[in-house]
Amino acid sequence: MGVSCGMSIVKYILFIFNLLCALSGIALLTIGIIVLLRASELEKLFGDYNAIAAPIVLIILGSVIFVISFFGCCGAIRESHCLTMTYATFMLILVIGQIVIAAITFAFAGDISTAMTKAFERIFAEQHLDVNQELVNTVQSQLECCGVAGPGDWNPNPVPSSCCAPGVATCTYQNAWRTGCRSALEDWVDTSKHVIAWVALGVALVQLVALIFACCLGNHIRNERRRYA
C-alpha cells in the first residue's frame with residue numbers, strides 16, 4: 001500500500017519540515033549553552049531568581065526536539081500511522097511548551113533585570129570582600145562595562161584592568177569602558193529575553209506547520225489502510 005501523489009508530496013514536505021525542526025532543535029541547544037555559560041558566571045546576581053533554569057530548559061528542549069524530529073522523519077518515510085500520530089502528539093506538546101516559555105521569559109525578564117542591577121550595586125559597594133571583587137571584575141570584563149553608572153564610580157581608587165579591553169597595558173579613567181554595568185546588565189537581560197522568546201516562537205511556528213502536515217498524512221494513511229482492509 002502506498003500513498004497517493006498528493007500525499008506523497010505531503011510526506012516529503014513533512015520530511016523537509018522535520019529536518020528544519022531538527023536544525024531548530026540544534027539552534028535552541030546552541031543558544032541555551034551560550035546563555036548558560038554567560039548566566040553561570042553571573043549567577044550570584046540573580047538573587048532569588050533561578051535564571052539559569054531558562055537556558056537549561058532550552059538545552060533540554062532543543063535535544064528533545066532533535067530526537068522527536070528524527071522519529072518524525074522515520075514515520076513519514078515509512079508511512080507509519082502510529083509513528084506519525086505519536087510524533088504529532090509530541091509536537092503539539094512542544095508547541096504549547098515553547099509558547100509558555102516565551103510568555104514566561106517576557107513576563108519575568110523585568111524582575112530579573114531589576115534584581116540583578118540591585119545585587120550588583122550591593123556587591124560593588126561591598127567589593128572589599130574578595131568574592132565580591134572577583135564577581136565585579138567578572139561582570140565588567142564579560143559585559144564590557146565599568147562601575148555601576150560609569151568609570152567615575154571607582155573614584156578615588158584606580159580603575160581595575162577589568163574595566164578595559166584585554167591587552168591594554170594600563171587601565172585609566174580615560175581608556176576605560178564608558179558604559180556602566182547597570183545599563184550593561186539591563187541590556188544583556190533584554191537581549192537574552194528577545195533571543196530566547198523569539199527563537200522559541202519561531203521554532204514553534206515551524207513545528208506547528210509540521211504538526212498540520214503530520215495529521216494530514218496520518219489520517220490519509222489510516223484511511224488507506226481501512227480501504228484496503
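This passage walks through the fold, the surface, the cysteines and the aromatic pairs of a predicted model.

The overall picture is easy to take in. The chain holds 5 helices and 0 strands, and its elements, read from the N terminus, follow the order α-α-α-α-α. The chain is made of 229 residues, and 43% of them count as buried. Contacts between residues at least 6 apart in sequence reach far along the chain, since 74% of them join residues at least 24 apart. Towards the outside, the chain exposes about 11,900 Å², with 65% of that area supplied by carbon and sulfur atoms.

One part of this surface deserves a closer look. A nonpolar patch is formed by Ile-16, Leu-20, Leu-23, Ile-26, Phe-66, Val-67, Phe-70 and Phe-71, which together offer about 750 Å² of accessible area. Helix H1 (5-41) and helix H2 (53-78) are the elements that give two or more residues to this patch. Phe-66, one of the patch residues, has its place in helix H2. With a relative accessible area of 39%, Phe-66 is partly exposed.

The cysteines come next. A disulfide is a covalent bond between the sulfur atoms of two cysteines. In the model, the count comes to 3 disulfides. When the bonded cysteines are numbered in sequence order, they pair as 1-6, 2-3, 4-5.

Cys-145 and Cys-181 make up one of these links, with their sulfur atoms 2.1 Å apart. The link is right-handed, with 90° about the S-S bond. Cys-145 sits in the loop between helix H4 (130-143) and helix H5 (181-228), while Cys-181 belongs to helix H5, so the disulfide ties together parts that are 36 residues apart in sequence. Cys-145 and Cys-181 are both buried.

Another disulfide joins Cys-146 to Cys-163, and here the sulfur atoms are 2.1 Å apart. This link is right-handed too, with 85° about the S-S bond of Cys-146 and Cys-163. Both Cys-146 and Cys-163 lie in the loop between H4 and H5, so the pair ties together parts that are 17 residues apart in sequence. Cys-146 is buried, as is Cys-163.

The disulfide of Cys-164 and Cys-171 has its sulfur atoms 1.9 Å apart. The torsion about this S-S bond is about 80°, so the disulfide of Cys-164 and Cys-171 is right-handed. Cys-164 counts as buried because its relative accessibility is 5%, and Cys-171 is buried at a relative accessible area of 14%.

Cys-215, by contrast, takes part in no disulfide, and the nearest cysteine sulfur, which belongs to Cys-216, is 7.0 Å away. Seen from the other side, the sulfur of Cys-216 has its closest cysteine sulfur in Cys-215, and the separation of 7.0 Å is too far for a bond; the cut-off for a disulfide is a pair of sulfur atoms within 2.5 Å. Cys-215 has a relative accessibility of 27%, so this residue counts as partly exposed. Cys-216 is likewise partly exposed, with a relative accessible area of 38%.

The aromatic side chains complete the account. In the model, the count comes to 3 aromatic pairs. In one of them, the rings of Phe-106 and Trp-198 have their centres 6.1 Å apart and their planes at 75°, so the pair is edge-to-face. This pair links distant parts of the chain, with Phe-106 in helix H3 (residues 81-125) and Trp-198 in helix H5, 92 residues apart. Phe-106 is partly exposed, at 34% relative accessibility.

Phe-124 and Trp-154 form a further edge-to-face pair, because their planes stand at 75°, with ring centres 5.0 Å apart. Phe-124 lies in helix H3 and Trp-154 in the loop between H4 and H5, so this pair ties together parts that are 30 residues apart in sequence. Both partners are shielded enough to count as buried, Phe-124 at 9% relative accessibility and Trp-154 at 7%. Phe-120 joins Phe-124 and Trp-154 in one aromatic cluster.

Terms used. Residues are numbered from 1 along each chain as its sequence is written. This is a predicted model: local features need pLDDT of at least 70, side-chain atom pairs count only at pLDDT 80 or more; totals for chains, interfaces and linings use all residues. Side-chain values use heavy atoms; hydrogens and water are left out. Helices (H or I, at least four residues) and strands (E, at least two) are DSSP runs, numbered from the N terminus. Buried means under 20% relative accessible area, exposed over 50%, partly exposed in between (1.4 Å probe, protein chains only). Contact means heavy atoms within 4.5 Å. Accessible areas come from the Shrake-Rupley method with a 1.4 Å probe; for residues, only the protein chains shown count as cover. Patches are made of residues with over 30% relative accessible area and no salt bridge: like charges are joined within 9 Å, nonpolar side chains (Val, Leu, Ile, Met, Phe, Trp, Tyr) within 5 Å. A salt bridge is a side-chain nitrogen of Lys or Arg within 4 Å of a carboxyl oxygen of Asp or Glu. Rings of Phe, Tyr and Trp (its six-membered ring) pair if their centres lie within 6.5 Å; planes under 30 degrees apart count as stacked, over 60 as edge-to-face and the rest as tilted.
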